[in-house]
Amino acid sequence: MRVHVEGIGLLGPGLAGWAESRAVLTGGSPYAASPAVLAASPLLPPAERRRSVPTVKLAMTVGAEALEQAGRDPATVATVFASSSGDPDTLHQILETLATEQRDISPTRFHNSVHNAPAGYWSIATRCREPSTSLSAHDESFQAGLLEAAAEVAADGWTVGLIAYDLPYPEPLNEARPITGTFGTALVLTPQPTDRCLACLDIDLTRGDEPVSRMADSGLESLRTGNPTARALPLLAALARVGNGGHPETVVLDLPPGGRVVVRVGQPCR
Amino acid sequence: MSIVSSLGAGQDATLDALRSGRGGLKPCRFETVALDTHIGEVRGVEDVRLPDDLAGYDCRNNRLAEMALRQDGFADSVAAARERYGAHRIGVFLGTSTSGILSAELAFRARDPQSGGLPPTFNFATTHSTGSLADFVRRRLGLEGPAFVVSSACATTSKVFANAARMIAAGLCDAAVVGGADSLCLTTLYGFHSLELVSPAPCRPFDVQRSGVSLGEGAGFALLERAEAGPSSGAVHLLGAGESNDAHHMSTPHPEGLGARLAMERALSSAGLRPGDIDYVNLHGTATTYGDAAEDQAITGLLGTRIPVSSTKGYTGHTLGAAGIVEAIISVMALRTGLIPGSPQTRTLDPALRSRYLQANEKGRLDRVMTNSFGFGGSNSSLIFGWAA
């Protein structure tokens with residue numbers, strides 16, 4: 001499947017936006033893991049802005065960055081939201097409430113608990129009525145999202161915003177399901193090359209045993225293995241290097257059992 | 001394809017209930033829930049045992065899935081497909097809204113009083129995790145193709161048909177197991193209660209006195225294959241799929257049903273059909289005041305007032321994340337048998353609604369049926385099934 005990358009969004013520990021992070025990802029600047037700062041999207045109406053939970057803030061921040069870079073009206077772009085979980089804080093609060101006698105869940109908290117809450121807020125903010133899929137595949141959620149987004153581009157000819165995000169749970173869920181840091185990324189993928197294209201991706205599903213791509217920096221590598229969405233880091237690093245004029249690269253993402261997502265990252269084909 | 005709901009396990013039990021007008025809604029006695037409402041609980045979920053090698057996936061949601069996998073020869077059909085295509089060429093695209101969250105609800109009641117920790121028996125990845133369902137079903141069926149869970153609230157097991165069709169069209173697999181499971185839990189029972197959307201009596205879609213949803217649980221699966229690979233006569237085809245967003249509100253549908261209409265228009269367009277080609281619509285029809293009114297506007301605006309429509313949620317309750325697959329299978333059974341289901345508790349149709357809503361069963365030849373599923377976050381999906389074009 002061939003897709004063209006028109007925009008990239010990124011927010012993670014020590015990775016405050018795509019432009020700010022490129023030098024770190026290429027190894028040109030040292031990596032320092034300062035916590036990511038979340039803010040509610042200014043695109044949302046006041047009520048929804050107030051009700052924004054961390055997953056909504058994270059997803060909307062990286063999504064907006066990628067769409068802005070692509071220069072596209074988000075109302076015209078289909079979306080794929082990928083995350084291993086619904087909003088961790090919201091789920092924690094609901095589970096705590098349900099363990100009490102009262103069991104009085106707040107209605108806002110309940111609607112924020114659905115896995116597709118970021119997709120709902122996004123469509124309200126951007127007035128987007130295009131198709132949207134919210135999916136999950138535990139530690140392979142980013143890989144699954146990338147396959148779905150590429151299939152939408154390849155099979156349906158849509159321009160797609162892939163928005164992936166994962167955040168840690170509060171205790172006690174954190175012990176049962178540890179997730180490292182706050183990490184989100186977004187890619188705008190198109191079926192045809194445009195003059196805004198940053199790179200060209202050829203994506204294949206293989207049964208090979210190619211070694212899975214890793215990060216050279218130990219801090220970034222522990223982020224990659226600790227946060228499901230950060231499995232995207234080797235792809236983002238390749239995009240940063242190719243964007244700097246580097247040679248085409250092949251990135252291998254794990255897809256158990258026995259599968260690989262192989263992405264060839266090349267210069268934009270204009 | 002296979003189906004489990006409060007109407008019973010399997011297509012025969014489901015059809016028997018629809019023919020005789022026997023609904024599955026009963027006063028709520030689920031777990032420790034103290035709410036004055038009726039629910040569609042599946043009998044026998046407690047007694048289901050997962051295969052020994054998959055015992056770690058044990059939770060109500062995966063038990064419900066296991067129950068459905070055992071119905072209607074489904075697991076055997078998949079095994080035959082695995083022989084034809086190879087395990088790695090069959091994808092698994094399933095939906096659930098709450099997965100095994102009941103396990104986490106119980107674990108939070110059993111926290112260590114000193115440390116606050118969860119009991120060591122609680123396994124997040126295999127129960128609560130949203131992806132657990134696809135992981136369990138893939139292992140249970142011995143499949144190795146791409147697998148994920150779509151969780152777009154109550155539209156989700158309708159949307160997976162579109163995901164699977166794309167994956168097959170893009171060449172990532174030759175066939176796919178679609179469907180899913182959504183099981184009763186305190187999160188949804190108390191959550192819908194907090195939104196004041198739950199009816200105390202069995203729900204009455206399109207009735208002038210409708211007063212909200214009755215919640216239920218269910219599971220179902222279908223094997224989707226590339227059309228040219230299986231041209232056996234009598235095969236039902238997924239003719240079209242349409243998806244949209246309301247872009248309006250998190251938990252209230254667009255008042256004129258704009259998103260719902262867009263999903264139906266896109267389904268028609270992807271099928272290359274016109275509104276008059278549809279013989280029956282299985283509605284989302286949850287029996288909320290606003291939801292039914294919005295869907296009625298979308299239906300009458302696009303399809304007119306003469307096509308028979310009904311919601312089967314008066315039978316099964318709103319099975320939430322499973323509603324898409326439960327109603328897709330009921331729609332396909334209607335296509336195959338000519339039984340167009342009525343609506344058990346609907347007594348006096350709301351005069352403000354203009355669709356041709358069926359209260360009693362009808363018989364007739366159906367060539368193309370549409371089924372609608374809408375969810376929180378304004379997520380809409382519409383599917384069209386029929387005989388080969």
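These are my notebook entries on the strands, helices and chain contact that I looked up in a predicted model.

**Conventions.** I number residues from 1 along each chain as its sequence is written, and I letter chains from A and number ligands from 1 in the order in which they are written. Because the model is predicted, local features need pLDDT of at least 70 and side-chain atom pairs count only at pLDDT 80 or more, whereas totals for chains, interfaces and linings use all residues.

**Entry: the six-stranded sheet of chain B.** I looked up the strand order first and found an open sheet of six strands, β10-β17-β16-β11-β12-β14 of chain B, with mixed pairing. Helices (H or I, at least four residues) and strands (E, at least two) are DSSP runs numbered from the N terminus, and two strands pair if DSSP finds at least two bridges between them. The edges are held by β10 (237-245) and β14 (356-357) of chain B, each of which pairs on one side only. Within the sheet I followed β16 (residues 368-375) and β17 (residues 379-386) of chain B, which are antiparallel over eight bridges, and there Ser373(B) faces Ser381(B) of β17(B).

**Entry: helix α12 of chain B.** Which strands does α12(B) lie across? Helix α12 (residues 323-337) of chain B lies across β11 (280-282), β16 and β17 of chain B, at about 165° to β16(B); axes here are lines fitted to C-alpha atoms, for helices over the stretch in contact, and angles run from 0 to 180 degrees between N-to-C directions. I checked its length as well: the expected span is 1.5 Å times one less than the number of residues, so the 15 residues of α12(B) should span 21 Å, and the end C-alpha atoms are indeed 21 Å apart. The helix is mostly covered, with 13 of its 15 residues buried, where buried requires 20 or more other C-beta atoms within 10 Å of the residue's own, exposed 12 or fewer, and partly exposed is in between, with C-beta atoms placed from the backbone. Just after α12(B), I noted a positive phi of about 80° at Gly338(B).

I then looked at α1 (residues 11-20) of chain B, whose axis comes within 11 Å of that of α12(B) and crosses it at roughly 75°. The two helices are therefore roughly perpendicular, since that label covers 65 to 115 degrees, while angles under 35 count as roughly parallel, over 145 as roughly antiparallel and the rest as oblique. Gln11(B), Thr14(B) and Leu15(B) of α1(B) meet Ile330(B), Met333(B) and Thr337(B) of α12(B), contact meaning C-beta atoms, placed from the backbone, within 7 Å.

**Entry: the three-stranded sheet of chain B.** A further open sheet has three strands in the order β3-β4-β8 of chain B, again with mixed pairing. Its edges are β3 (26-27) and β8 (215-216) of chain B, each with a single partner strand, so one side of each lacks a neighbour in the sheet. I found β3(B) and β4 (residues 38-40) of chain B antiparallel over two bridges, with His38(B) as the bridge partner of Pro27(B).

**Entry: β6 of chain B and the contact with chain A.** Is β6(B) covered on both faces or on one? Strand β6 (residues 147-150) of chain B is covered on both, with Ala147(B) and Val149(B) buried on one side and Phe148(B) and Val150(B) on the other. Four bridges join β5 (residues 90-95) of chain B to β6(B) in the parallel sense, and Val92(B) has Ala147(B) as its partner there. Across the chains, β4 (residues 132-136) of chain A pairs with β6(B) in the antiparallel sense over two bridges, Ser136(A) being the bridge partner of Val149(B) and Leu135(A) standing opposite Val150(B). Counting residues, I have 53 of chain B in contact with 52 of chain A.

**Entry: chain A.** All 10 of the 10 residues of helix α6 (residues 117-126) of chain A are buried, so this helix is largely enclosed by the rest of the structure; Trp122(A) is one of them. Just after α6(A), Arg127(A) takes a positive phi of about 60°. Last, I looked up β8 (residues 249-255) and β9 (residues 259-266) of chain A, which pair in the antiparallel sense over seven bridges, with Val261(A) as the bridge partner of Leu253(A). Their hairpin has three residues between the strands, and Gly258(A) takes a positive phi near 75° in it.

Technical notes: Two residues are in contact if their C-beta atoms, placed from the backbone, lie within 7 Å.
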